[in-house]
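Hi everyone, thanks for coming. I'd like to walk you through one structure today, so let's put it up on the screen.

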Amino acid sequence: TEPNPAWFGNPANESRNPLWTLKNWLKSRFHFSFAEYSNPHNINFGVLRVMNDDLVQPNRGFGEHPHRDAEICTYVVQGHLTHQDSMGTAETLHRGAVQFMTAGRGVSHSEHNLHQSDPLRFIQIWITTRTRGLKPNYGSFVGDEAGRRNQWQHLVGDVNDSKSSSAIQINQDANIHVTEIDAGETVTFTVAEGRQAYLLCVEGAGVVRGDHGSDEVLVRHDAAEVYGPNTFTITPAEVSAESTETAATAGAGAAHFLLVEMKHTGRGRSDL
């Protein structure tokens, strides 16, 4: 979707601005029903309710708006994300960083790209909480390239899991991992029995090989559902020029993947 800029408090588009990579201020891809995209067969995947892939042009953003009863996690792919909220938090995050916001009983926030020339791309994830009416909370982790290079970096985990190694904890049995894989390298992940995962190709392309069935090639913006027990591998694949777009990539022959892993509840709304 490419919404009207006025809906989010932005001035008119600068269609002739040579620094813009789009004619519209925002290009957003919805993985599940959201805003004007309504599909009763694609409401959620387990406790994963929203995954939006947003590309925001310079000097544009989402004005202050409210949320409640969701864990909102945002992974920065490219550029500079400036966050402000009604709890008094204000910070700017860069590539590889993740932020979370427990909306709980109610919180307002804004997200902007205040950079004068660079586009901003981020993945916004909403996870259904196990309990309603929680106290609002915010936190972030800057991430590091070494931590996700050719291995899974555990960004987000369950606050009730005492064995979790994640940098951030949320109020749900769900985990977010990310990896950047060099050409010729392979990473492995095991989805245990009674678990499920949503796998997103953020940049580049990768061959996904699981315990069952044939290989699947995922390119930028593609996603796959994985049900345990299943151990799968990802190996970078050559990507066509049509898949690279104009935003930053993980590097020649490399692949960038994000994984949301959770307890198995199926995919439909009735399973929540």
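Let's begin with strand β7. Val98, Phe100 and Thr102 point one way from β7, Gln99 and Met101 point the other way, and all of them are buried. Before going on, please keep in mind that this is a predicted model.

So how many of the five residues of β7 are buried? Five of the five, over residues 98-102, so the strand is largely enclosed by the rest of the structure. "Buried" here means a relative accessible area under 20%.

Who are the neighbours of this strand? One is β4, residues 71-78, which pairs with β7 in the antiparallel sense over five bridges. If you want a spot to look at, find Glu71, which stands opposite Thr102 of β7. Another neighbour is β10, residues 137-141, which runs antiparallel to β7 and is joined to it by five bridges. Here, look for Tyr138 in β10, the bridge partner of Met101. As a reminder for anyone new to this, strands of a sheet pair through backbone hydrogen bonds, either parallel or antiparallel.

Now zoom out a little. These strands belong to an open sheet of six, with antiparallel pairing, and the order is β1-β2-β9-β4-β7-β10. Which strands stand at the edges? They are β1, residues 26-30, and β10; each has a single partner strand, so one side of each is left without a neighbour in the sheet. On average, neighbouring strands in this sheet are turned by 15 degrees against each other, ignoring direction.

Next, two single residues. Asn10 sits in the segment before β1. Is Asn10 buried or exposed? Its relative accessible area is 10%, so Asn10 counts as buried. The Asn10 side chain reaches the backbone oxygen of Gly61 at 2.8 Å. Gly61 also appears among the contacts of Asn10 beyond four places in sequence, along with Pro5, Trp25 and Arg60.

My other pick is Val208, which you'll find in strand β15, residues 195-209. Val208 is buried too, with a relative accessibility of 11%. What is in contact with Val208, once we leave aside its neighbours within four places in sequence? The list is Leu199, Asp215, Glu216, Leu218, Phe232, Thr233 and Ile234. And here is a pair to find on the screen: Val208 and Thr235 are 27 residues apart in sequence, with their C-alpha atoms 6.8 Å apart in space.

That's my tour, and thanks for listening!

Methods
Residues numbered from 1 in each chain as written. Predicted model: local features only at pLDDT ≥ 70, side-chain atom pairs only at ≥ 80, totals over all residues. Heavy atoms only, no water. Buried < 20%, exposed > 50% of the residue type's maximum accessible area, 1.4 Å probe, protein only. Helix = DSSP H or I, 4+ residues; strand = E, 2+ residues; numbered from the N terminus. Pairing = 2+ DSSP bridges. Axes fitted to C-alpha atoms, helices over the stretch in contact; angles between N-to-C directions. Polar contact = N/O pair within 3.5 Å; in protein donor to acceptor, adjacent residues only side chain to side chain. Contact = heavy atoms within 4.5 Å.
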